[in-house]
Amino acid sequence: MALLKGGKIVEDTWTHLDDETAAPEGKPVTVSLARWQKDGEGLKASGGPLGIRLTGADDVEDIADALGKLQLVAIAFPAFTDGRGYSMARILRERYGYKGEIRATGNVLCDQASLMTRCGFDAFDLAPHVSVDDWFEVLSLVDVQYQPAADRRPSAAQLRHAS
């Protein structure tokens, strides 16, 4: 799987732990919401960067108080038709002002690239069948937006008034 971040392919340095495996000392790890709720203090004591993995069934409000301690929020898309992750990303960026990485994982398609970016995603864990070249091509197709969004790109009206 390719991990795209900042407009390029990068190495995924995060270890994605299950709910039973001990956190390695000083290494970046992600855990499920259930594990975070059960062992958040123990995970912080491991000394490494922390991330959390959310599913569409999880509630973003459950991690609101922890956002200052999290460097990564990974949001799973079990199916391309499941749009709950879009709302979660917008809530993280717009309501809570989250500045860390928001990563889309799972069934992420090229057709969704532009909208995911607009909603606040800044990293994408692409499935093996998704073409990285197609992903970048789709992102380059639209360069003007009509409404303000979580990505903070200027809208068409803002661009028009600025010139």
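Me: In this predicted model, where does Asp12 lie?
Reply: The model is predicted, not experimental in origin. Asp12 belongs to no strand here; its place is the loop between strand 2 (8–10) and strand 3.

Me: Is Asp12 buried, partly exposed or exposed?
Reply: The cut-offs are under 20% for buried and over 50% for exposed. Asp12 has a relative accessible area of 28%. That value lies in between, so Asp12 is partly exposed.

Me: Which residue's side chain makes a polar contact with the side chain of Asp12, and at what distance?
Reply: Asp12 has a polar side-chain atom 3.1 Å from the backbone nitrogen of Trp14. That involves backbone on the Trp14 side. The side-chain to side-chain contact is with His16, at 3.0 Å.

Me: Which residues does Asp12 touch, not counting residues up to four places away in sequence?
Reply: Trp14 and His16 have polar atoms by the Asp12 side chain, but the count leaves out residues up to four places away. With those set aside, the residues touched are Leu3 and Arg103.

Me: How far apart are the C-alpha atoms of Asp12 and Met1?
Reply: Along the chain, Asp12 and Met1 are 11 residues apart. In space, their C-alpha atoms are separated by 9.7 Å.

Me: What is the bridge partner of His16 in strand 4?
Reply: Strand 3 (residues 15–16) pairs with strand 4 in the parallel sense. Two bridges make up that pairing. The strand 4 partner of His16 is Thr30.

Me: Is Thr30 buried or exposed?
Reply: Thr30 lies in strand 4. Its contacts include Trp14, His16, Ile52 and Leu72. Relative accessibility is 0%, so Thr30 counts as buried.

Me: Which residue of strand 5 stands opposite Thr30?
Reply: Strand 4 pairs with strand 5 (residues 50–54) in the parallel sense, over four bridges. Thr30 touches Gly51, Ile52 and Arg53, among others. The one standing opposite Thr30 is Gly51.

Me: Which residues of strand 4 are buried on each side?
Reply: In a regular strand the side chains alternate between the two faces of the sheet. Strand 4 (residues 29–32) is covered on both faces. One side has Val29 and Val31; the other has Thr30 and Ser32.

Me: What is the handedness of the crossover from strand 4 to strand 5?
Reply: Ser32 of strand 4 has Arg53 as its bridge partner in strand 5. Between these strands the chain passes through helix 1 (residues 33–45). This β-α-β crossover is right-handed.

Me: How many residues of strand 5 are buried?
Reply: Strand 5 is largely enclosed by the rest of the structure. It pairs in parallel with strand 4 over four bridges. Four bridges also join strand 5 to strand 6, again parallel. Of the five residues of strand 5, the buried number is four.

Me: What is the bridge partner of Arg53 in strand 6?
Reply: Arg53 is the strand 5 partner of Ser32. Strand 5 and strand 6 run parallel. On the strand 6 side, the partner of Arg53 is Ala74.

Me: Which are the edge strands of the sheet?
Reply: Eight strands form an open sheet with mixed pairing. Their order is 2-1-8-7-6-5-4-3. An edge strand pairs on one side only, and that describes strand 2 and strand 3.

Me: What arc do the buried residues of helix 2 cover?
Reply: The buried residues are Gly85, Tyr86, Met88, Ala89, Leu92 and Arg93. They sit on the same side of helix 2, because their arc around the axis is only 165 degrees.

Me: What covers the buried residues of helix 2?
Reply: The cover includes both strands and a helix. Named among them are strand 5, strand 6 (72–77), strand 7 (101–106) and helix 3 (113–119).

Me: How far apart are the end C-alpha atoms of helix 2?
Reply: Helix 2 (residues 84–95) has 12 residues. At 1.5 Å a residue, it should span 16 Å. The model agrees: the end C-alpha atoms are apart by 16 Å.

Me: Which residue just after helix 2 takes a positive phi?
Reply: The phi in question is about 65 degrees. The residue is Gly97.

Methods: Residues numbered from 1 in each chain as written. Predicted model: local features only at pLDDT ≥ 70, side-chain atom pairs only at ≥ 80, totals over all residues. Heavy atoms only, no water. Buried < 20%, exposed > 50% of the residue type's maximum accessible area, 1.4 Å probe, protein only. Pairing = 2+ DSSP bridges. Right-handed = clockwise from strand over helix to strand, strands pointing away. Contact = heavy atoms within 4.5 Å. Polar contact = N/O pair within 3.5 Å; in protein donor to acceptor, adjacent residues only side chain to side chain. Expected span 1.5 Å × (residues − 1). Arc of directions from axis to C-beta.
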